[in-house]
Amino acid sequence: RRPAAAAAAPRPAATAPVAGHGLVMLAFVVMAVALSVVLPVAGTALVLAVITLLRAADRAQSGLAVRRSVRGPRPSDILVVVVTAPWTVARALVTTVLLAPLALPAAAAAAALSILLVQADSLPKAGGWAAGAAVAFFCFGPGSRRPRRQLRRITGGVIRSRAAMTVAIISSWALAAATVSSALS
């Protein structure tokens, strides 16, 4: 039997949650928006594909958790996730498509503001800013909780120490700064 003082001792630092995942995730969002400004068609398509896959992964994770809470863990759980993956991705894609009309006002406003304020002298430049606003909407607007939650799970699984978090924050924000610099030039 352990003494009461030992039972009340805090967890070791290695297993304590590491703060900073929000900063890394914000850097990813900044990179995604800047990428879609630089490459309005290809960048936006790539970012929306990643968001859709993150949404699908979150659905699969949530479904697995529900399945395991109802029936308990079984060897067939992963097989069920793999077999239902196409349906899960299709549902995530439908959600992304259904959210697209909600992103259009943000895109139109960004295009208009880029022409008025930034003096975007061509339609492709205004389109780039519109694409960036649409991506920002998909990252922060309605329906963005699932992709953000899955991205948090991924970063939480990969970044487990303060040193790794420091490296992740510095490198992700350096990459974000380079992407934004490219978008503004």
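At 4% relative accessibility, G132 counts as buried, where buried means under 20% relative accessible area, exposed over 50% and partly exposed in between, using a 1.4 Å probe and protein chains only. This glycine has its place in helix α6; helices here are DSSP runs (H or I) of at least four residues and strands are runs (E) of at least two, numbered from the N terminus. Leaving aside neighbours within four places in sequence, G132 is in contact with V33, S36 and V37, contact meaning heavy atoms within 4.5 Å. The C-alpha atoms of G132 and A110 are separated by 8.3 Å, with these positions 22 residues apart along the chain counted as their spacing. The model is a predicted one, in which local features need pLDDT of at least 70 and side-chain atom pairs count only at pLDDT 80 or more, while totals for chains, interfaces and linings use all residues. Residues are numbered from 1 along each chain as its sequence is written, and side-chain values use heavy atoms, with hydrogens and water left out.Turning to the chain as a whole, the protein chain has eight helices and zero strands. From the N terminus on, its elements run α-α-α-α-α-α-α-α. Of the 185 residues, 32% count as buried. Among the contacts with a separation of 6 or more, 79% are accounted for by residues 24 or more positions apart.

A helix pair comes next. Two packed helices are described by the angle between their axes and the distance between the axes. Helix α3 (residues 42-71) and helix α6 (residues 123-140) pack at an angle of about 5 degrees, with their axes 10 Å apart. Axes are lines fitted to C-alpha atoms, for helices over the stretch in contact, and angles run from 0 to 180 degrees between N-to-C directions. The small angle is why α3 is roughly parallel to α6; angles under 35 degrees count as roughly parallel, over 145 as roughly antiparallel, 65 to 115 as roughly perpendicular and the rest as oblique. On the α3 side the contact is made by T44, V47, L48 and I51, and on the α6 side by A131, V135, F138 and C139. Sorted by class, this contact has seven nonpolar residues, one polar residue and no charged residues. For this sorting, Ala, Val, Leu, Ile, Met, Phe, Trp, Tyr, Cys and Pro count as nonpolar, Asp, Glu, Lys and Arg as charged, and the others, Gly among them, as polar.

The interior can be followed from here. In soluble globular proteins, nonpolar side chains tend to be buried together. In this model the largest nonpolar core has 15 residues, and those with the most contacts inside it are V47, I51, A103, V135, F138 and C139. A nonpolar core is a set of buried Ala, Val, Leu, Ile, Met, Phe, Trp, Tyr and Cys residues joined through side-chain atoms within 4.5 Å. The elements that give two or more residues to this core are α2 (21-38), α3, α5 (85-116) and α6. Of these, α6 gives the most, with seven residues. Apart from this core lies another, of five residues, among them V24, I159, M165 and A168. Back in the largest core, A103 is in contact with A134, F137 and F138, leaving aside its neighbours within four places in sequence.

Helix α5 also holds T96, which counts as buried at 6% relative accessibility. Beyond its neighbours within four places in sequence, T96 is in contact with T52, R55 and F138. Another residue with its place in α5 is S114, buried with a relative accessible area of 2%. The side chain of S114 reaches the backbone oxygen of A111 at 2.7 Å. The C-alpha atoms of S114 and A126 are separated by 5.8 Å, the two residues being twelve apart along the chain.

Charged residues of α3 complete the picture. D58 has its place in this helix and counts as buried, at 0% relative accessibility. Not counting residues up to four places away in sequence, D58 touches R146, R149, Q150 and R153. A polar contact of 2.7 Å joins the side chains of D58 and R153; a polar contact is a pair of N or O atoms within 3.5 Å, where within protein one must be able to donate a hydrogen and the other to accept it, and residues adjacent in sequence count only if both atoms are side-chain atoms. The C-alpha atoms of D58 and R145, 87 residues apart along the chain, are separated by 9.6 Å. R67 is also found in α3, and its side chain makes a polar contact of 2.9 Å with the side chain of D77. Leaving aside neighbours within four places in sequence, R67 is in contact with G72, S76, D77 and V80.
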